[in-house]
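Trainee: Hi, have you got a few minutes to go through a model with me?
Mentor: Sure, put it up and ask away.

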Amino acid sequence: MDVCGFREEHGLKDYQKPIVEETLHEFEALKRQNVFISLPQGTGKTIIALAALTKLINDGKVKRVLVLIPGRQLVKQWMEKANEMFYGLGLIEYAKLSKEGIEKIRGSLKHFGAAGTAMTMQSFKNVFKKEYFTEEDFDMVIIDEAADLVVSRDFIEGFRMSKYLKGLEKWQNPKLFLLPYHVMEKKIIGLIKKFGKNSKLIRKMVQETQFICTVRDPEIIDDPPINVFVETLQDNYKKIKTSVHRILNKYGIEGYRENLETLLNPETLDRLKKIYHLDEDTLQQIQVSIVKYILIQHIEKWFLYSNRTELSRSILSAQRDVEEWLSYEDKKLNKLVEVVKNHLDKNEKVYVFSQYLATAELITDFLTRNLSLKPRDITLITGLDEADAQFEKLSSFKRVGKVLVTTPVFGKGTDIPQADVIIVYTPPLSTEKLFQVVGRIRGGDVIFLAYRGYEEAIMNQVAEQLRRAFASAGVESPGLNRYL
Amino acid sequence: MKALDLIAISDIYADIDVLSHLVSMWGERERENRVTIVAGDIGIKSASRHYVQDIHHAFSLLSKVSRYLLYIPGDSDDKELEVNLPNAINLDRKNCILEFQDVKVGFLGLGGAPAHSVRADEPLPYLWDESIPIIAEGLKTELKINIEKAAQGHPDYIVLVTHFPPYGIADRSKPITLREMVVLEDILEELKGETKPEAEELTKKKITTSPRHLGSRILRDFVKYYKPDIHIFGHVHKEGGKTETQEATRFFNVSHLSPLPYRLTGRKFLQLKITKENIIASFDHIITERNMPFNEFIEKYL
């Protein structure tokens, strides 16, 4: 008799079955050490992994599994989902980093027949360092949202990759990595390189029409002064950046152009001073210019994303045109109220995303006041909330809420299928993150807001990019296996 | 009936250029009705060889446009700072009452800053550690005596002036530093400002340098109990321009007048129009060319 498996009302979907079979075949018949599953958000990567795991447990091939998840709140969600769908798994959450805690888990694993333990990747780092657990304690490792810690496309990616799950690459146990479909090839190649060539990548674009979002044309807001401010700031930004490049040209400094911000690092500056004999004035000029252009970018965001409070406290509020602009109500927030109201009137749940904390708070306050929302109607979740509070708030929204406002706090694996529409008030900083964000709602409308002119052109491009991505659904691109 | 024009500034760092602009902007016409409060960090004692002259120069300018100059030293000032001008009144651990036409205002003050609000390696002359019971008791007693003395004159309003904020009000920031490089690094880090990824569990080091409440708990308890009408302070530059009302007290973080450490939020002052009936508050900036086109404005002031 099986020790674990799907509960009665649950099971695999048709497209999930061959993926589970393929995974098991890779591990069992082909003795693969690592299997990477890369599927679109919402297609049930976790369910696929758990189905494969239950089969291996029932066949007596796996007794103890280690599950690694990026964030603490996700560990809870992961376990909740596992227990809701599967019986007999009895995974234990690894909560505290203490020897006593470890012994408790070890005891549960031994005496109560728990199938394993789930912990954050950060906890794994500590556990590995202190050797509380070793590879002998487990027969298999599942790494969910495996690309999460290495998704950023910056210059230190190589460094991050070397630090990523450090030590796990030496474990000989079978490892199952779960990644979203939109992760860039370069990152998957990096992961495969790190964990060894005895790997298999199962990468499929599964077509689940209910997960395809409808990307609406951006809602346009007429507010001409915004264009003047933003274009001026953009010109200034370019001018300052050019002046930094000019200094670099003058001294023949190469290797920093892609990420000029690294020049603010005192060690880097010391190096430049020694190698290129830069004087103090020049160094200071570089630093001040870089800080200035970052500042200008930031001010641009204050204008675009309704941060009137910060603008009012700044010296810009003393400039005639800005003062006048600040004297009337924010038109973008008014448009947001209009759009949210339209959806609430249709009895739909709305998810508003903001990249910035201050804007998210502002939006929550503004919507509450202008739509007379009760506290249970609107939920704000940000990084200021503890992991447990985030989880509880999200559950509350799913059950009784009408509007959810968040910052990028749910960048990793959280589903919000209850939301019918997502309004991206301030877009994330990369396309990958945008995919993650809109993917949370598992189908529905995606709405952007943009001021007519400069921002309109940008948001049209973003919307177009998203549309193209959704339109290309169904086209399989497993070509990465050439790297294996 | 003309209102008393109470102007509050802080964190000047002896920037004579901005003070000169201030003088030309305010003008001498309203001098007789104007009281200027300087809430600390008037100069930088540890960085200037001409500290005393700097302070004298700053106050001479302010004196031209103010009938009275009330001041307290901040953490960057000499604790024993005394300004020898007939209309300058040191409020540090003292109190006074000023009467204008029909409105009477009591003032009391406390200078310096709690040591926990600045970076550990900062060479600042006027700091105290409120976690030491005897120091905490001393500060509480002085504040208590001064507010009670001020209250005995039956003023219409009582104004508390400190350099630092009370705990929990317009006081959230990383510990204060005057070192430009550290400020630059902070600005960069904050401007990148996404919500921190949850996986990134904080180490002890990160906690000590991340933004937190820098204000004084002693001051918080004192204000809660004695409820002055107005509390003016500076010190936490990032929260400059913030206003809050709690119970009967209106709080104003008036930092910072100097364009340092942040040009974007500098040149700030608070104006309170005080009559027997009410107080009207507004923040403004020392900017003389407000009609300048936006692009020129950016060039000049950022």
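**Chatting through the model**

Mentor: Let me start with a hairpin: the one made by strand 5 and strand 6 of chain B has 2 residues between the strands, and Q101(B) there takes a positive phi near 45°. Strands here are DSSP runs of E of at least two residues and helices are runs of H or I of at least four, numbered from the N terminus. Before we go on, this is a predicted model, in which local features need pLDDT of at least 70 and side-chain atom pairs count only at pLDDT 80 or more, while totals for chains, interfaces and linings use all residues. Residues are numbered from 1 along each chain as its sequence is written, and chains are lettered from A and ligands numbered from 1 in the order in which they are written.

Trainee: Okay, how many bridges join strand 5 of chain B to strand 6 of chain B?
Mentor: There are 6, and strand 5 (residues 95-100) and strand 6 (residues 103-110) of chain B run antiparallel. F100(B) has V103(B) as its bridge partner. Two strands count as paired if DSSP finds at least two bridges between them.

Trainee: What about the positive phi of R93(B), where is that residue?
Mentor: R93(B) sits in the loop between strand 4 and strand 5 of chain B, and its phi is near 60°.

Trainee: And A170(B), which loop is that in?
Mentor: The one between strand 9 (157-162) and strand 10 (172-173) of chain B. Phi of A170(B) is near 45°. For background, most residues other than glycine have a negative phi, and most peptide bonds are trans.

Trainee: Is A170(B) buried or exposed?
Mentor: A170(B) is buried, with 26 other C-beta atoms within 10 Å. R93(B) is partly exposed, with 17. The cut-offs are 20 or more other C-beta atoms within 10 Å of a residue's own for buried, 12 or fewer for exposed, and partly exposed in between, with C-beta atoms placed from the backbone.

Trainee: Which peptide bonds should I look at for cis geometry?
Mentor: One joins S255(B) and H256(B), with omega about 5°. Another runs from L260(B) to P261(B), with omega near 0°. H256(B) lies in the loop between strand 14 (249-253) and strand 15 (268-274) of chain B, and P261(B) is placed in the loop between strand 14 and strand 15 of chain B.

Trainee: Now the sheet, what's the strand order?
Mentor: In chain B, 6 strands form an open sheet in the order 4-3-2-1-15-16, with mixed pairing. Its edge strands, each pairing on one side only, are strand 4 (88-90) and strand 16 (279-285) of chain B.

Trainee: How do strand 3 and strand 4 of chain B run, parallel or antiparallel?
Mentor: Parallel, with 3 bridges joining strand 3 (residues 68-72) of chain B to strand 4 of chain B. L69(B) is the bridge partner of A88(B) in strand 4 of chain B.

Trainee: Switching to chain A, how many helices and strands does it have?
Mentor: Chain A has 17 helices and 16 strands. Buried residues make up 41% of its 484 residues.

Trainee: At what angle do helix 8 and helix 10 of chain A cross?
Mentor: Roughly 160°, and the axes of helix 8 (residues 224-251) and helix 10 (residues 280-304) of chain A come within 9 Å. That makes helix 8 of chain A roughly antiparallel to helix 10 of chain A. Axes are lines fitted to C-alpha atoms, for helices over the stretch in contact, and angles run from 0 to 180 degrees between N-to-C directions; under 35 degrees counts as roughly parallel, over 145 as roughly antiparallel, 65 to 115 as roughly perpendicular and the rest as oblique.
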